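Welcome, and get your viewer ready. We will move from one selection to the next and look at what is there.

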Amino acid sequence: MSVETEGGACGAPAWRRWVWLLVVPLGALFAWNLARTWFQSDDAFISFRYARHLVDGLGLVWNPGERVEGYTNFSWVLLMAGGMRLGLAPEVFSNVLGALCGAGLIVAVLRFGTRGRGLASPWPWLAAFALAAHPSFVAWCTGGLETMLFALCVFAGFAALLSPPEAGRAALPASAAAFALGALTRP
């Protein structure tokens, strides 16, 4: 039995059983760097104030009664308002959501890199590990800002746009939706 077809009754390649040997260190590296670089940006509190006023029924305003748009991240403010409505502290919710978007971006880069190569190729893994190890990338997963949501949307838009022909017509609306959400996140 060759290494390519070894895998028991399922017929899965042998290397698939060992993918976890890369996934676990990748996740651990990302988590370690998150813990090391976790911070809260003062700019995040602008979004939190607008979100708080929205939740309190005052609208998207800095001060009650004034109509000044002072945020640059509409969808992020709405997400923060949703979290506040659920009783979540925005200082924690924003960082957790940013970290989840950063992890999602690492997974998206890995998936994009495996197109036509498969998980056995080292190159997609190298890209994923480079992101998880990069202090600036990981630091901006926290901070309370929309940075990683925006990056994820833009990457997802390009990944869908560059889909192989067999993906069909669904790739174009998916690309448009990702770019639209990106524009609503950070115009």
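Start by selecting Ser94: this residue is buried, with a relative accessible area of 1%. Buried means under 20% relative accessible area, exposed means over 50%, and partly exposed lies in between (1.4 Å probe, protein chains only).

Before going on, a word on what you are viewing. This is a predicted model, where local features need pLDDT of at least 70, side-chain atom pairs count only at pLDDT 80 or more, and totals for chains, interfaces and linings use all residues. Residues are numbered from 1 along each chain as its sequence is written, and side-chain values use heavy atoms, with hydrogens and water left out.

**Around Ser94**

Keep Ser94 selected and colour helix α4, residues 90–114, which contains Ser94. Helices here are DSSP runs (H or I, at least four residues), strands are runs of E with at least two, and both are numbered from the N terminus. Which residues does Ser94 touch, not counting those up to four places away in sequence? Show Gln40, Phe48, Trp76, Met80 and Gly144 to see them; touching, or contact, means heavy atoms within 4.5 Å. Now add Pro90: its backbone oxygen lies 2.7 Å from a polar atom of the Ser94 side chain.

**Over to Leu22**

Next, select Leu22 in helix α1. Leu22 counts as partly exposed, because its relative accessibility is 34%. Leaving out residues up to four places away in sequence, Leu22 touches Trp125 and Phe129. Draw a line between the C-alpha atoms of Leu22 and Phe129: they are 9.3 Å apart in space, while the two residues are 107 apart in sequence.

**Out to Trp18**

Now pick Trp18, in the segment before α1 (20–37). Is Trp18 buried or partly exposed? Trp18 is partly exposed, since its relative accessibility is 49%.

**Zoom out**

Finally, show the whole chain, which has 8 helices and 0 strands. Its C-alpha atoms fill a box of roughly 75 × 40 × 30 Å along the principal axes. Of the 187 residues, 35% count as buried. Among contacts with a separation of 6 or more, 64% join residues 24 or more positions apart.

Colour by pLDDT, the predictor's confidence in each residue from 0 to 100. The chain averages 91, and 92% of the residues score at least 70. Your last selection is residues 1–9, where the pLDDT is below 50; this stretch has 12 contacts in the model beyond near neighbours in sequence.

Key:
Polar contact = N/O pair within 3.5 Å; in protein donor to acceptor, adjacent residues only side chain to side chain.
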